[in-house]
Amino acid sequence: MLFKVSKLYYLENKSQQEIANVVGVSRPQVSRILKEAREAGIVEIKLNQPYEMSEEELSLKLAKKLGIPKVTIVDEGGPAEGSHEKKLECISTFAADYLSELIECHTNIGAGWGETIYSTVLKMQYHPFGREKCFVPLVGGAGIYEPFFQTNSIVDRVAEKFKGNKKFINSPAFICNPLVRKYFVESKEFKELQELWEKVDLAFFSVGGKLEQSPMIQRAIGDNRTVERILENSPVGDYLGNFIDENGDGCLPEEEPICVAIPKKILVKVPKRVCIAIGSEKVHCLKVAARNHIYNELITDVSTAEALEMLCTS
């Protein structure tokens with residue numbers, strides 16, 4: 001009986017109720033049989049951790065140089081030049097578990113966009129808690145096909161995983177026409193969104209690399225002259241669609257914003273601001289963003305951390 005029930009549960013993926021119906025016992029009895037099978041050694045459970053933590057010394061050193069409380073470096077268990085796909089798999093697997101623990105302790109959660117964010121949310125497990133939680137996008141959608149730039153979709157998925165409430169943003173991330181932008185930011189919907197941004201106590205997002213190396217974001221902006229104006233100011237990258245130069249200043253005048261995203265003055269007040277990013281093309285933006293208090297916690301891989309540490313040293 002111990003072997004039969006264990007086989008049905010662990011190898012054939014039957015639910016405890018289905019097993020109870022097959023063997024003719026109650027569901028609580030199935031649970032007790034499974035426990036007894038583990039205690040008897042009939043079932044052995046082995047977990048293979050998909051990531052390894054790197055040396056603590058580099059994490060502490062990098063956190064100090066960035067001026068933030070915490071850096072977590074995830075080692076994919078291979079050479080530093082391992083594939084992007086492997087790095088993404090390891091980072092998002094770790095971040096999914098880590099962020100799930102953080103979400104349990106917070107009420108209003110803001111989500112950004114990007115490949116690492118999308119992959120992280122997909123790997124999150126379903127949780128029984130969360131009905132009192134609210135999830136909100138921190139930036140509008142990019143208006144392009146790639147799902148990792150669709151913030152409403154990201155928010156929808158994470159809210160579903162935690163059975164929480166959600167608020168969508170019905171606007172593209174970039175509005176270059178000042179009249180159209182004025183109409184949107186003065187709408188009731190946007191004012192309600194701003195009120196939610198003021199309440200966010202946990203934000204997780206990524207940063208982007210140089211604009212000239214990102215044709216997808218250029219397409220999302222949709223206005224060649226605006227792209228040229230941004231490039232004229234030598235952006236090191238962006239956070240939530242906000243392009244910044246090497247000093248952390250915006251690459252467009254404050255009176256001419258194009259990005260529909262949580263304002264910097266609100267973002268920096270969020271108690272927990274977790275940035276998840278990999279790739280050498282992002283290290284300059286990571287350095288500048290940290291020193292301008294855009295994020296106060298970083299999750300990255302070994303090679304990105306090493307490149308970032310070297311940049312901060314030079």
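**Exercises on a predicted model**

Tyr10, Leu11 and Ile45 make a nonpolar surface patch of about 320 Å². This is a predicted model, in which local features need pLDDT of at least 70, side-chain atom pairs count only at pLDDT 80 or more, and totals for chains, interfaces and linings use all residues. Residues are numbered from 1 along each chain as its sequence is written, and side-chain values use heavy atoms, with hydrogens and water left out.

**Exercise 1.** Place Leu11 in its helix and decide whether Leu11 is buried or exposed.

Step 1. Leu11 lies in helix H1, residues 2-11 (helices are DSSP runs, H or I, of at least four residues; strands are E runs of at least two; both are numbered from the N terminus).

Step 2. The relative accessibility of Leu11 is 66%, so Leu11 counts as exposed (buried is under 20% relative accessible area, exposed over 50%, partly exposed in between, with a 1.4 Å probe and protein chains only).

**Exercise 2.** Describe the surroundings of Glu297.

Step 1. Strand E11, residues 297-301, contains Glu297.

Step 2. Glu297 is buried because its relative accessibility is 2%.

Step 3. With neighbours within four places in sequence left aside, Glu297 contacts Ile68, Lys70, Tyr98, Lys272, Arg273, Val274 and Cys275 (contact: heavy atoms within 4.5 Å).

**Exercise 3.** Find how many disulfides the structure holds, then check Cys251.

Step 1. The structure has zero disulfides (a pair of cysteine sulfur atoms within 2.5 Å).

Step 2. The closest cysteine sulfur to that of Cys251 belongs to Cys285, at 9.8 Å, and is therefore too far for a bond.

Step 3. Cys251 is buried, with a relative accessible area of 4%.

Note on methods
Patches are made of residues with over 30% relative accessible area and no salt bridge: like charges are joined within 9 Å, nonpolar side chains (Val, Leu, Ile, Met, Phe, Trp, Tyr) within 5 Å. Accessible areas come from the Shrake-Rupley method with a 1.4 Å probe; for residues, only the protein chains shown count as cover. A salt bridge is a side-chain nitrogen of Lys or Arg within 4 Å of a carboxyl oxygen of Asp or Glu.
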